[in-house]
Amino acid sequence: MSAAALALAIDEPHVLAGPYEPQAPAAAPAAPAVSAPMTAADIPQVIELLRAAPQAAYCEWEDERLLSGHLAHSSDLCRVIRTPSGRVVAALLAGSFGVRGSISHAVVDPGHRRLGLARVMAVDTLAAFRRRGVNRIFLAVLDGNEAATALWTGVGFRPALGERTFECDL
């Protein structure tokens, strides 16, 4: 996607045209996938999704208390996609510090993958970062996670050549 096309896509909330919940053959088409800010009520379902997805690199200390505190200042950056019945099937956790931001997790329920849900959340989160005046966003992708690599490069990220990621659990 060109920079101009990405800028246009980020200026308004992104809507994916197409179903995002499997339907029975005779069922009416599903509503378009729309990401929404994550709420405290979503956290148990988000944690469940993260725990079930090894590629999300979830840490058990990322509990309800911690995530609730994070939402107090970053709810516009953290996104979910819910089915019409209210079940969370995709989530993205992000935060910012000054003019830099980070995306820590993006996860989609296995039964809802390859429908563009992560891209919808990514584009909406990038728009929220832009509204905050954030100039650079960092994220990590596990080696070999080609789906994540395709997602993030598809919305404008590039590998940080010559850099290595370090972390420390406290």
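Let's start with the sheet. This is a predicted model, and in it 5 strands make an open sheet in the order E3-E4-E5-E6-E7, with mixed pairing. Two strands sit at the edges, and each pairs on one side only. They are E3, residues 36-37, and E7, residues 136-139.

Walk across it with me, beginning at E3. E3 and E4 pair in the antiparallel sense, over 2 bridges. Find proline 37 on your screen. Opposite proline 37, in E4, stands arginine 79.

Next step, E4 to E5. These two also run antiparallel, and 4 bridges join them. Arginine 79 comes up again here: its bridge partner in E5 is leucine 92. Beside that pair, valine 80 stands opposite alanine 91 in E5. E4 and E5 form a hairpin with 5 residues between the strands. Look at glycine 86 in that hairpin: its phi is positive, near 100°.

Now E5 to E6. E5 covers residues 88-97 and E6 covers residues 100-108. They pair in the antiparallel sense over 8 bridges. Leucine 92 stands opposite alanine 106 in E6. So leucine 92 is a good residue to click on, because a regular strand alternates its side chains between the two faces of the sheet. Alanine 90 stands opposite valine 108 in E6. This is a hairpin too, with 2 residues between the strands. Glycine 98 is in the turn, and its phi is positive at about 65°.

How many residues of E5 are buried? The count is 8 of its 10, so E5 is mostly covered. One correction before I go on. I tied leucine 92 to a general rule with a "because", and that link does not hold. The rule stands alone: in a regular strand the side chains alternate between the two faces of the sheet. I also put valine 80 "beside" the other pair; take only its partner, alanine 91 in E5.

Now, what covers the sheet? H2 lies across E4, E5 and E6, and runs at about 95° to E5. Helix H4, residues 117-132, packs on the sheet as well. H4 touches E4, E5, E6 and E7. The direction of H4 makes about 25° with that of E5.

On to the helix pair. H2 is residues 43-51, and H3 is residues 64-74. They pack at about 115°, with their axes 10 Å apart. The crossing of H2 past H3 is right-handed. Which residues make the contact? From H2 there are Ile43, Pro44 and Ile47. From H3 there are Glu64, Leu67, Ser68 and Leu71. By type, the residues of this contact are 5 nonpolar, 1 polar and 1 charged.

Stay with proline 44, in helix H2. Is proline 44 buried, exposed or partly exposed? It is partly exposed, since its relative accessible area is 38%. Proline 44 and valine 88 are 44 residues apart in sequence. In space, their C-alpha atoms are 9.6 Å apart.

One backbone point. Arginine 114 lies in the loop between E6 and H4. Its phi is near 65°, a positive value in a residue other than glycine. Most residues other than glycine have a negative phi. Arginine 114 is exposed, with a relative accessible area of 84%.

Now the overall count. The protein has 5 helices and 7 strands. From the N terminus, the elements run α-β-β-β-α-α-β-β-β-α-β-α. Of its 170 residues, 38% count as buried. Take the contacts between residues at least 6 apart in sequence: 66% of them join residues at least 24 apart.

Last, confidence. The average pLDDT is 79, and 78% of the residues score at least 70. Over residues 1-29, the pLDDT is below 50. That stretch has 52 contacts in the model beyond near neighbours in sequence. Where pLDDT is low, the predicted coordinates should not be read in detail.

How values were computed: Residues are numbered from 1 along each chain as its sequence is written. This is a predicted model: local features need pLDDT of at least 70, side-chain atom pairs count only at pLDDT 80 or more; totals for chains, interfaces and linings use all residues. Side-chain values use heavy atoms; hydrogens and water are left out. Axes are lines fitted to C-alpha atoms, for helices over the stretch in contact, and angles run from 0 to 180 degrees between N-to-C directions. A crossing is left-handed if the near helix is turned anticlockwise from the far one by less than a right angle, and right-handed if clockwise. Contact means heavy atoms within 4.5 Å. Ala, Val, Leu, Ile, Met, Phe, Trp, Tyr, Cys and Pro count as nonpolar, Asp, Glu, Lys and Arg as charged, and the others, Gly among them, as polar. Two strands pair if DSSP finds at least two bridges between them. pLDDT is the predictor's confidence in each residue, from 0 to 100. Buried means under 20% relative accessible area, exposed over 50%, partly exposed in between (1.4 Å probe, protein chains only).
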